[in-house]
Structures are given as C-alpha cells and as structure tokens.
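Visitor: Please take a close look at one part of this structure, the charged side-chain pairs, and then set that part in its surroundings.

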Amino acid sequence: MDNPDSRIIAGLVLPSYSSANHPNSCVNPPSIFMTNTTSQNASNLQVDQIDQEILRHEETVRDLKFRRNLLAPISKFPAEILCAIFMFCNLADSPTHPSYPADTRWRWVSVTHVSRLWRNTALSCPALWSKPEFTRTEWAYEMIRRSKMAPLAIEVTSDMWLTPRVLDAVSEGLKHLPRINEIRLSASRDNMVKLLTGINHAAPFLRTLLLDVGRSDYYYPSLSEPYMLPEDFLGGDTSHLSHIELTRCHLPWDSSLLRNITFLKVHNPGPPAPTLDQFIGALIGMPQLEVLDLENSLPATSDTESTEKLGVSLPRLRRLRTVGTINECAIFLEHVVVPSNATIHLAAKCSDPPEVGSSTLQLIRDVCQRLPVVRETASTSSSSNSPSIKSLLVQSTGGGSGVILEAWNSVPKIRSSFTTLYPSRENSINPVSYVPSIGWLKLELSWRNSVTRRLHDEVIVAVCRPLPLTQLRNLHIRNGYPDSVSSPTFANTFGMLPKVNTLTVEGDSAYEFVEALSQHTGSQSGPGVDGVTVPSTSGPSPGRLTLAFPALRTLKLIEADFDRENEMANTLLPPLLDCLMQRYEYKAEVHKLILERCTRLNSDDVQELEEIVADVDWDQIESGYSESEDEEMDDYDEDGMDIYGGEAYFGYGPSYLSSDEDMMYLGF
C-alpha cells in the first residue's frame with residue numbers, strides 16, 4: 001500500500017483513525033473502530049452467503065450440463081466400450097521415443113478432462129493406469145493407486161531419468177510384484193543393484209522381463225562389468241514368464257527362470273560362459289522357443305560330461321541370431337537343430353585370417369555346411385519343404401576383412417532408383433533396384449587382417465558352394481576394394497547356375513565380372529585358368545558351348561570405375577563391348593543394361609553400348625573427370641550448349657541438377 005497509515009480489513013484498504021490524519025476524529029476512536037468492525041463482520045457474512053449461493057448455482061449448472069451431455073450419442077456407449085477406446089488412446093503413444101517429455105507421451109490423460117462421464121469411466125478403468133509414468137513421480141504414485149489390482153507394467157527406458165525420487169517411485173512399483181506382468185528396466189549397474197536387491201518374491205503373473213545394463217555406462221569402464229542377478233531373484237516362481245531379454249546381465253543357464261520360454265535374448269552376459277551341458281540343458285527346457293538371440297553367450301568349447309553326443313531340436317523356432325567366434329558358431333550349429341525356414345543371422349568373428357589350409361577356413365566350411373538349409377537339402381529329396389534361395393547378396397567388406405552373405409527366398413520388390421534423384425523421371429522404373437529388407441539367411445564373417453585375392457576366393461567358394469542355388473534368380477555382388485575376387489571364381493561359383501537372369505555388380509569388381517561373363521562353362525573349349533573353359537577361336541557354336549550365366553538378361557553396374565587402372569582412358573568399355581557382342585553372337589544377349597553412379601563414363605560411351613544392347617538405362621551422371629577434361633567436353637558441344645537443352649554442361653550431371661541440394665546429393 002502507498003499509504004503507510006492504511007489498514008487492510010476483509011481485503012479493503014481503509015484509512016487509519018488517528019488525530020494526525022483526521023482532523024474531525026473523536027476523543028475515543030476505538031469505539032468508532034468497534035462499530036466499523038461489527039459492520040465489516042456483517043459484510044463478510046453476506047459475502048460468504050453469496051459465495052455459497054454462487055457455488056450452488058454453479059453445481060446446478062454442472063448438473064444440467066451433465067444431464068445434457070448424457071443425451072449426446074457418444075454418451076450412449078457402454079462403459080466397457082469407452083474403456084476400450086481410452087485404451088487405444090493409451091496405446092497410440094507407445095511408438096513415441098522414450099526420451100520425449102512425459103507431457104508428450106501421455107497426452108491421452110486429457111480424456112479425463114472432457115466430461116464427468118468420461119472422467120468417471122477412466123478412473124474406474126484400472127488397466128488404463130497400469131503403466132505408471134515414473135519420470136513424473138507424483139503421477140507414478142497416483143497411477144499405481146488408480147490401477148488397483150490390474151496387472152502392472154514397470155518400465156524405465158533410460159538411466160538418464162533415474163533421479164533419487166524416481167528410484168524411490170520405481171521401487172514402490174516393484175513392491176507390487178504379485179500383480180506385475182512386465183518389467184522393463186534400462187539402468188546403470190549401480191541403479192540396477194538398488195532396484196533389484198530384495199526382489200526375491202514370487203511373480204506369478206510376470207510375462208516379460210527386460211533388463212539392460214551397459215548403455216548408460218559406455219563412458220565408465222569401471223562400471224561396465226555385467227550385473228550378476230541374485231540367485232533368489234523373483235523367488236524362482238514365474239510360471240507365466242515367456243519373454244526374457246538380458247543385456248549385460250548374467251543369469252545362470254541352469255536357472256529355473258529359463259523354463260518354457262518363447263523369446264530369449266542374452267547379450268554380453270560376461271563370464272563364466274555356459275558349458276555345453278548347461279547350454280543344451282537350458283534349450284531342452286524351452287520346447288516352445290520361437291525367438292533366440294545370443295550375443296557373446298555361446299559355449300566356448302564342445303567339452304561335455306555326457307558319453308553321448310548332446311543335441312537339441314527347436315521345431316518352433318522362427319528367428320535365430322547368434323554372435324560369437326567362428327568356433328562357437330560351429331559348435332552351436334553342430335548340436336542345435338533349427339528349422340530351415342527360420343530367419344537366421346549368424347555373425348562369426350575369426351581370430352586368424354582364413355588362409356588356405358588353416359583351421360579358420362575349415363571352420364568356415366563347417367559353419368556353412370551345418371546351416372539348416374544346407375543340412376536339410378542334403379538329407380532330403382528335392383521335394384523338401386526347405387525354402388529355396390532366389391536372391392543372393394555377396395559382399396566383401398572394405399580392406400578384405402570380411403564377407404557378408406545375405407539370401408532371400410523371394411525376388412525383392414521393385415522400385416525406381418532414379419525417381420529420388422530426378423523427380424521429373426517418374427516413369428523410369430529400374431527392375432533391379434530393391435526396397436531394402438532383411439534377408440531370410442544372413443551370414444557375416446570377419447577377421448582382423450586383410451587377405452589376398454587368392455584367400456578371398458577360397459572364402460567365397462567355402463561360403464557359397466554348399467548353398468542350394470539352383471533356383472537363384474537375382475545375384476548381387478558388392479565389393480569394397482579392387483581385385484577382391486577373381487573372374488574364374490565368379491564363373492566357377494555362379495556361372496553355371498541355370499536361372500540367374502539378373503546380375504548386379506556394385507563396387508570394384510566390374511572388370512572381373514565382365515571377364516567372367518565372357519567365359520564358357522561347356523566342355524568344347526580348351527582349359528583355362530583354374531579349370532574354367534576359355535572361348536574357342538573357331539567362332540561361336542551355340543549348340544556346343546555355353547557361356548557363363550546362360551539365363552542372364554539384365555546386367556546392372558553400380559559405382560563401376562571405367563578407368564580403374566588410372567590410365568586416363570575408359571579401360572572397361574572395350575572389354576564390356578566385346579563381352580556384350582560375344583553374348584549376342586552366342587544367343588545369350590543381355591536385354592537390359594543399367595548404369596548407376598559410374599565414373600569416367602560419358603554419353604558417347606553409352607551410345608556405343610546402345611548399339612549392342614536394346615535397353616540401356618543410364619542415370620546420366622558424368623563424374624571422375626579432371627577440370628581440363630570437362631572443358632574439352634564443353635568445347636566439343638556446339639555453341640557451348642549441352643545435349644540436355646540449353647545450359648552449359650560442366651560434366652557433373654544433367655542441366656536440371658542445378659540447386660545446392662542436388663549437388664550435395666552428388667557429393668559436392
């Protein structure tokens with residue numbers, strides 16, 4: 001107040017009754033003040049009465065609105081239907097990234113603020129509150145209370161949220177173990193110890209257990225050791241547990257929790273590794289297993305106390321992923337029988353390079369020969385139900401440090417490869433540009449040291465020869481460095497396959513494949529390198545000789561360097577022209593040639609190819625030329641105009657690639 005002599009009574013500012021500021025004040029001011037106080041009390045009483053009357057009217061208005069809302073069609077829904085709708089609103093936020101703020105991930109709570117009916121219905125639906133939001137501790141306690149006896153889901157997606165208050169809230173949620181059906185905890189090792197210590201009671205309704213330790217400890221090696229689960233964890237009573245995911249958490253393989261599991265994921269549990277007896281014994285107790293994902297958790301040796309060969313069959317397995325040493329993978333495939341139609345991903349690390357005659361190369365052969373599709377094909381007739389391989393990707397990683405093989409049992413989906421780069425060319429459809437997908441069979445082999453081409457040839461043969469490839473239609477070769485595989489290996493391994501009609505060569509193996517396409521697989525010509533027949537000099541005899549890849553109709557070259565030898569000239573074009581012409585003469589011509597992101601290839605070269613191949617699909621990108629070569633190409637065009645219609649052409653692409661965004665796409 002500005003006037004220091006003012007008084008505040010019932011929220012009103014009144015002047016003070018003193019002779020100093022009121023010349024007509026009486027001698028006994030307290031009597032006047034008592035009179036004013038009595039009057040003020042009466043006013044306050046009237047105000048309270050009015051406020052109570054306002055509240056009654058507001059309550060009457062709310063009741064009228066409630067009765068009016070009951071007449072709306074949506075209010076005719078039974079409470080069960082509204083609860084089901086609210087549950088769908090709850091599920092809509094589940095794909096949201098867990099690091100998003102809680103007010104973004106929990107917008108469905110607004111259904112409780114729409115009307116009295118909706119709020120009462122939501123509050124009477126315990127399942128709606130069964131997944132507490134622990135990042136908001138005041139919400140967590142209230143949601144646990146509202147969930148009543150509904151099955152509870154305890155989820156912490158990041159250690160970043162685990163403040164001391166949040167830890168207390170999560171611990172409060174874990175106290176309701178008898179009705180918990182999901183536990184998903186991602187935390188540091190220290191926080192995991194705080195949360196799980198004392199969790200030794202039965203969890204009869206628990207179905208999913210996910211414990212993740214390690215991602216939050218990435219920068220703290222001293223804290224990165226795996227967490228050893230207590231021996232009495234969950235009291236051993238988890239009759240409904242079917243889904244287990246453990247990352248950097250060690251659970252003994254003879255634990256009673258590993259019974260009747262349908263989904264098992266164990267990543268980096270740390271020592272000790274399971275013995276073969278423990279491992280096979282655990283899998284025997286999971287006859288319903290459908291998904292098995294093991295990373296650095298396989299038996300290291302085949303030593304066993306049993307006098308008979310151990311083995312287990314997993315007939316219901318749909319997906320398998322294993323990561324380990326090449327020896328561990330070989331042991332696993334020897335003792336575990338997996339259905340041939342299961343999706344399989346094996347990643348094997350070799351401690352030594354697979355040199356010729358080495359144990360590493362023999363282990364690679366063992367792994368490939370023990371693959372379910374190979375084993376079943378070899379042990380059954382041609383009428384086997386094992387899936388056939390129709391598409392195959394063979395990739396040599398950079399520096400010759402590994403090989404990746406990926407197989408599909410169907411032809412990949414078609415999409416246009418040029419519509420993204422050139423939006424105006426919507427009708428340019430590329431028949432061998434596939435929508436990326438995960439193969440039904442994937443094998444990754446890696447080693448530290450690079451190998452020579454001779455050694456890499458042996459690995460390709462060891463990996464691909466055992467596979468049933470008679471139904472192969474699409475073959476994709478991707479190499480990360482020159483001379484990774486020789487042309488005789490290409491021709492011997494893939495050249496005699498009868499149904500390969502689409503061949504994609506990506507990277508630095510175009511020279512070897514062009515040479516392989518010119519080789520014969522018949523018996524009428526003289527012997528060539530590594531037993532591959534070379535063309536006869538007496539001219540084409542289609543009835544007597546068969547070229548490699550006899551069914552080939554579509555050839556695609558991606559990122560091929562037409563001057564790999566750095567001779568400042570197109571050294572790949574002449575052998576490619578000779579190859580295409582030879583196949584034409586032998587009635588095995590290529591119908592479609594696709595060229596993408598090739599270097600040192602220009603429009604004149606493409607015109608020469610079009611004289612032999614009826615359909616040449618080129619992305620019109622000219623790259624790899626020096627500035628002086630670009631200037632010569634510009635001077636060659638009349639009036640300094642390019643063939644695409646109007647603007648000067650600088651050798652980097654068509655004239656409609658002029659924006660900064662387009663040039664960034666091309667890597668400039």
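Guide: Glu 444 has a relative accessible area of 24%, so this residue is partly exposed. In this predicted model, Glu 444 is the salt-bridge partner of Lys 442, with 3.9 Å between the closest N and O atoms. Lys 442 is also partly exposed, because its relative accessibility is 21%. Elsewhere, Lys 556, Glu 559, Glu 596 and Arg 597 are joined into one network by salt bridges that share partners. The structure has 21 salt bridges.

Another pair is Lys 309 with Glu 334, whose closest N and O atoms are 3.9 Å apart. Lys 309 sits in the loop between β10 (291–295) and β11 (312–313), while Glu 334 belongs to helix α9 (residues 326–335), so this salt bridge ties together parts 25 residues apart in sequence. The relative accessibility of Lys 309 is 61%, so Lys 309 counts as exposed. Glu 334, at 31%, counts as partly exposed.

Glu 334 also meets the side chain of Arg 370 in a salt bridge, at 3.7 Å from N to O. Here the pair links distant parts of the chain, 36 residues apart: Glu 334 in helix α9 and Arg 370 in the loop between α10 (359–369) and α11 (372–379). Arg 370 has 22% relative accessibility and therefore counts as partly exposed.

Next, the nonpolar interior. In soluble globular proteins, nonpolar side chains tend to be buried together. The largest nonpolar core here has 134 residues, and the members that touch the most others are Leu 211, Phe 494 and Leu 595. With neighbours within four places in sequence left aside, the contacts of Phe 494 are Leu 392, Val 394, Cys 464, Leu 469, Leu 475, Ile 477, Thr 489 and Phe 549. Apart from this core lies another, of 12 residues, including Cys 83, Val 109, Trp 118 and Trp 129.

One of the contacts of Phe 494 is Leu 469, which is placed in the loop between α12 (453–464) and β18 (474–479). Leu 469 counts as buried, because its relative accessibility is 5%. Along the chain, Leu 469 and Phe 494 are 25 residues apart, and their C-alpha atoms are separated by 8.6 Å. Leaving aside neighbours within four places, Leu 469 is in contact with Ile 389, Leu 392, Cys 464, Phe 494 and Leu 497. Leu 392 and Cys 464 thus appear in the contact lists of both Phe 494 and Leu 469.

Helix packing gives a further view. Helix α5 (residues 137–146) packs with helix α6 (residues 164–174) at an angle of about 10°, and their axes are 9 Å apart. The two helices are therefore roughly parallel to each other. From α5 the contact uses Thr 137, Ala 140, Tyr 141 and Ile 144, and from α6 it uses Arg 165, Val 166, Asp 168, Ala 169, Glu 172 and Gly 173. Classed by type, the residues in the contact of α5 with α6 are five nonpolar, two polar and three charged.

For the whole protein chain, the secondary structure comprises 18 helices and 22 strands. Of the 668 residues in the chain, 45% are buried. Among contacts between residues at least 6 apart in sequence, 69% join residues at least 24 apart.

Definitions and conventions:
Residues numbered from 1 in each chain as written. Predicted model: local features only at pLDDT ≥ 70, side-chain atom pairs only at ≥ 80, totals over all residues. Heavy atoms only, no water. Axes fitted to C-alpha atoms, helices over the stretch in contact; angles between N-to-C directions. Helix = DSSP H or I, 4+ residues; strand = E, 2+ residues; numbered from the N terminus. Parallel < 35°, antiparallel > 145°, perpendicular 65-115°, else oblique. Contact = heavy atoms within 4.5 Å. Nonpolar A, V, L, I, M, F, W, Y, C, P; charged D, E, K, R; others polar. Salt bridge = Lys/Arg side-chain N within 4 Å of Asp/Glu carboxyl O. Buried < 20%, exposed > 50% of the residue type's maximum accessible area, 1.4 Å probe, protein only. Core = buried A, V, L, I, M, F, W, Y, C linked by side-chain atoms within 4.5 Å.
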